[in-house]
Amino acid sequence: MRFVLISLLFNVYWFSAAIGPPSLQWLMGAMLLAAIAYDRTVIAGILTLAPVGIIGDSVMLYTQWLAVDTSSLIMPSWLILLWLGFCAFAWLMRELVLARPIWLITCIGSVGGASSYLAGERLGALSFPQSFWITGVVLLGVWAIYSVLFVVLMRWLQHKVEARMAATRGQQ
């Protein structure tokens, strides 16, 4: 049930970014704060995972594989918020993710991640300066890399969180 509820909430979050920039950024901010209030370790998950996507998408924007309407130097705030929210979602789902083989998570992540950009393009949130199909293949590869990095970083951070919790229990 937890997986279904968190997934539904993330879909609301994603649609807020895809169809609402910038008018629904307040909702994205409120949902992000709610995730942090629900589980304070979400902050560590965001700080660890989000740079992967923000840097990766910045490179994709700079090299013109992706295009968005923005006056910002790197990427629009709605896309940064989307990455923060996705990383909060991924961190909240870490038990489910880390219990699966990395090849499966990489396959699901690459198809799901690439599909979200394709859907975002269809909804007008972004565009593809290059060919639609070639961009789709590039996105599959990028999301395969993101997925592997996310799993590796989540395992590392989960270990650190567990060690910190054990140390805290030992001090009591």
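Start by selecting Val 148, which you'll find in helix α7, the stretch covering residues 132–171. Keep in mind as you click around that this is a predicted model. Color Val 148 by accessibility and you'll see a residue that is partly exposed, because its relative accessible area is 34%, between the 20% and 50% cut-offs. Now show its neighbors. Leaving aside residues up to four places away in sequence, Val 148 touches Ile 102 and Thr 106. Pick Thr 106 and draw a distance: the C-alpha atoms of Val 148 and Thr 106 are 6.1 Å from each other, although 42 residues separate the two along the chain.

Next, zoom out to the whole chain. Switch to a cartoon view and count: there are 7 helices and 0 strands. Walk from the N terminus and the order reads α-α-α-α-α-α-α. The radius of gyration is 16 Å, close to the 16 Å that the globule rule gives for 172 residues, so the chain is as compact as a globular protein of that length. Turn the model to line up with its principal axes, and the C-alpha trace spans about 55 × 35 × 35 Å.

While you have the full view, try a surface. The chain exposes about 9700 Å², and carbon and sulfur atoms supply 71% of that area. Underneath, buried residues account for 42% of the 172 in the chain. How do the contacts spread along the sequence? Taking contacts between residues at least 6 apart in sequence, 76% join residues at least 24 apart. If you color by charge, look for 9 positive and 6 negative charges, whose mean positions are 12 Å apart.

Now for the cysteines. Select Cys 87 and then Cys 107. Which one is buried and which is partly exposed? Cys 87 is the buried one, because its relative accessible area is 0%, under the 20% cut-off. Cys 107 comes out at 42%, so it counts as partly exposed. Don't go hunting for a disulfide, as the structure holds 0 of them.

Move on to Gln 64. This residue sits in the loop between α3 (42–62) and α4 (77–92). Check the backbone here: phi of Gln 64 is near 65 degrees, a positive value in a residue that isn't glycine. As for its cover, Gln 64 is partly exposed, because its relative accessibility is 49%, and exposed would take over 50%.

Then jump to Glu 95, in helix α5, which runs over residues 94–98. Is Glu 95 buried or exposed? With 62% relative accessibility, Glu 95 counts as exposed. Measure across to Ser 58 while you're there: the two are 37 residues apart along the chain, and 29 Å separates their C-alpha atoms.

Last stop: the start of the chain. Select Met 1, in the segment before α1 (2–19). Met 1 is exposed, because its relative accessible area of 82% is over the 50% cut-off. Draw one more line, from Met 1 to Leu 123. The pair is 122 residues apart in sequence and 29 Å apart in space, C-alpha to C-alpha.

Terms used:
Residues numbered from 1 in each chain as written. Predicted model: local features only at pLDDT ≥ 70, side-chain atom pairs only at ≥ 80, totals over all residues. Heavy atoms only, no water. Helix = DSSP H or I, 4+ residues; strand = E, 2+ residues; numbered from the N terminus. Buried < 20%, exposed > 50% of the residue type's maximum accessible area, 1.4 Å probe, protein only. Rg over C-alpha atoms; globule rule 2.2 N^0.38 Å. Contact = heavy atoms within 4.5 Å. Areas by Shrake-Rupley, 256 points an atom, 1.4 Å probe, with all protein chains shown as cover. Lys, Arg positive; Asp, Glu negative; His and termini not counted. Charge placed at Lys NZ, Arg CZ, Asp CG, Glu CD. Disulfide = S-S within 2.5 Å.
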